[in-house]
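Here is a short report on selected features of one chain. It moves from a helix to charged side chains and then to contacts across the sequence.

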Amino acid sequence: MKPLAQERSAAADSKDTRSHRIEAVVVSSDDALLIELGPILGNRYRTHTVDVPAEIAAAVHAPRWLGIIDVTSLPDARGAVARLELQYHRCPLIVVCANPEEWTGAVARGAAAAAIGRHEISGPRLMEALAAAEARLRAEPATESAAATAADGTRTGAFRPKPMWIAAAAVVVAALAVAGWWAAHRRPAARPTTLAAPAGPATQTAAPATAAAPATAAASRPQTVLELLSAARVAFGDQKLLLPRSDGEPRGDSALELYTQVLKQQPDNDEALDGIRRLFAIGKARIQADLAAGKLDDATRLAGLFQAAGVSSSDLQAIDANISAARPKWTAARAQQDIAAGNLAAADQLIGQLTASGASPAEIADLRRTLDARKLDLQLAGMASQVKAAIAAGTLLDPANDNARTRLAAMRTVGRNNPATLAAQRALQAALLDRGQQATLAGQFEQAQRYVNAAAELGASSEVAAAKRQVQAAMDAADRRAAAAVAAAARARAASAQTVHAEPAAPLPKPRPAPAPYVAAHPTRALDVTYPQGTTVAGYVVVEFTLEADGTASDPKVVQSTPRGVFDQVALGAVSGGHYDTRDLSGHSPPVRARILLRFKPN
């Protein structure tokens, strides 16, 4: 709900809402009734509330108004209404009672404009009664009553105006109407105040400046006490507007803020003081709920508003104590949240506040350990990403000063047993074993031993032992083949020496050229290998291809595959689309034949 001074346009204020607002007096000591009437009366009425009829004269200065009399709270209801009818005979009265039928006679003789039941306040009966009362106000002349009252209190005969006076009055009214129309179209009308200020020299001097002021300046004038109280009653009827919103933005539309504004103008206003007392009971429950939910800032802000509203410090002592007791717990919880979110600087600052406030040393030490562990995790996570990047680039052992092994060594220095370090270590070991197997298949046993030994340095495992056996078996097989070749050559030479040549010896056939050596291919980036859909087995494929000088592959073919034919096409496509390192070819110049091993595992 916006404050009354902000929710209407200047034009509407000057023409309809403010200049035509009807004075209304509510006589009741029932807060529930006042809260109910607030939204119903709204901005159409300038409402004055009093507890007893005797306070009407001090509360309202207008000569004509309509009254809503709650007779259920009056000890002598009929006598009170009769006295009001005599004292304010030009003001129509609406009686709110428990049984409207008991007031039929009063309504019939004109003592009351209408009588409605307490249960009919929210229904159409009240709107009908207000319409009837307004009609009676419009029917009464704005001047003094036509019936004159004698000095002794008896009523005399009706005053009958002469035709000449009527004509003169009509001329004056017409002139005033023309002047008012001209003034309204020449400059914006000034906003009327609730109570008319007494005319004087200062008022007359300031009148031209006020008339020339912009409409926006008039629209932004401070609200009067009566306007603030009217808005506070409306806010009191809405549970969402009893207290300020919890978003921390002061909007000035809650009952608490409106009553506070009233007390700034009238510190002894009984209605505002009573409203603050009732709101404080609600506010204490709200503050406790905020503390339970960890909303310490909201609880502190609301307590400050009650303090600004004049609530005594003794009533706020328990709340302040609860907030002070909850602050260390809240600060520790905030520090934990910042640590989990990676806001380490903010968490460190909160831990410093806890230390300064004298919190538990054990709790502070625990937070420090958590913060240090989080710092270590973040540091190692960044280092692990660098290790993974080196593995993807194929720089496992070279160059010597910046490769995957040296980066992992730095990680192990910072946190040897950290999960991030162990994960990076396993990834590098698997890459080294894979590279060693490729070198073994290509017959590059020295390179294969280098990669397998580097993997063994990272920890013993069944995979490392199997790789060592594979390299050794390949080397033994190569040795056997070489020994067999030497023995065959020796036998051939011995046989040729013992042969008797009767004829000139036939020329010996030319030896077959030795097969071209194969090198292990090292991709510069990971190959695009996709596990075939519908396959649930693991296997591998060895692909042989020609490694060109620009690092591309040509003429690929499958040398070995297990299971046969399952992954062949996928492997050929991946190898053909790859790019390979040509810097280290063990003395060979491209193009050369190369081999690579691709492993396939189910997802």
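What should the 13 residues of helix α19 span at 1.5 Å a residue, and how far apart are its end C-alpha atoms? This is a predicted model, and the answers below are computed from it. Helix α19 covers residues 445-457, and its expected span is 18 Å. The expected span is 1.5 Å times one less than the number of residues, so the 13 residues give that value. The end C-alpha atoms are 18 Å apart, which agrees.

**Helix α19 and its flanks**

Several α19 residues are buried: Phe445, Ala448, Tyr451, Val452, Ala454 and Ala455. After the helix comes Gly459. The phi of Gly459 is positive, near 135°.

On the other side, Gln444 sits in the loop between α18 (419-441) and α19. Is Gln444 buried or exposed? Gln444 has a relative accessible area of 14%. Buried means under 20%, so Gln444 counts as buried. Gln444 and Tyr518 are 74 residues apart in sequence. Their C-alpha atoms are 8.2 Å apart in space.

**Salt bridges**

How many salt bridges does the structure hold? The count is 23. Side chains of opposite charge can pair when their charged atoms come close. Three of the pairs are listed here.

| Pair | N to O distance | Relative accessible area |
|---|---|---|
| Arg21 and Glu227 | 3.8 Å | Arg21 11%, Glu227 4% |
| Asp348 and Arg368 | 2.5 Å | Asp348 33%, Arg368 32% |
| Arg407 and Asp402 | 2.8 Å | Arg407 24%, Asp402 39% |

Arg21 forms a salt bridge with Glu227. This pair links distant parts of the chain, 206 residues apart. Arg21 is in the loop between α1 (10-17) and β1 (22-27). Glu227 is in helix α10 (residues 225-236). Both partners are buried: Arg21 at 11% and Glu227 at 4%.

Asp348 and Arg368 also meet in a salt bridge. The pair links distant parts of the chain, with Asp348 in helix α15 (residues 344-357) and Arg368 in helix α16 (residues 361-393). The two residues are 20 residues apart. Asp348 is partly exposed, and so is Arg368.

The side chains of Arg407 and Asp402 meet in a salt bridge as well. Arg407 counts as partly exposed, and Asp402 is partly exposed too. Elsewhere, salt bridges that share partners join Asp31, Asp274, Arg277 and Arg278 into one network.

**A negative patch**

Which residues gather in a patch of negative charge on the surface? They are Asp51, Glu55, Asp268 and Asp270. Asp270 lies in helix α12 (residues 270-292). The relative accessible area of Asp270 is 61%. Exposed means over 50%, so Asp270 falls in that class.

**A loop histidine**

Where is His579 found? His579 is in the loop between α21 (568-576) and β11 (592-600). The relative accessible area of His579 is 27%, and the residue is partly exposed. His579 and Thr524 are 55 residues apart along the chain. Their C-alpha atoms are separated by 5.9 Å.

Technical notes
Residues are numbered from 1 along each chain as its sequence is written. This is a predicted model: local features need pLDDT of at least 70, side-chain atom pairs count only at pLDDT 80 or more; totals for chains, interfaces and linings use all residues. Side-chain values use heavy atoms; hydrogens and water are left out. Helices (H or I, at least four residues) and strands (E, at least two) are DSSP runs, numbered from the N terminus. Buried means under 20% relative accessible area, exposed over 50%, partly exposed in between (1.4 Å probe, protein chains only). Patches are made of residues with over 30% relative accessible area and no salt bridge: like charges are joined within 9 Å, nonpolar side chains (Val, Leu, Ile, Met, Phe, Trp, Tyr) within 5 Å. Accessible areas come from the Shrake-Rupley method with a 1.4 Å probe; for residues, only the protein chains shown count as cover. Lys and Arg count as positive and Asp and Glu as negative; His and the chain ends are not counted. The place of a charge is taken as NZ of Lys, CZ of Arg, CG of Asp or CD of Glu.
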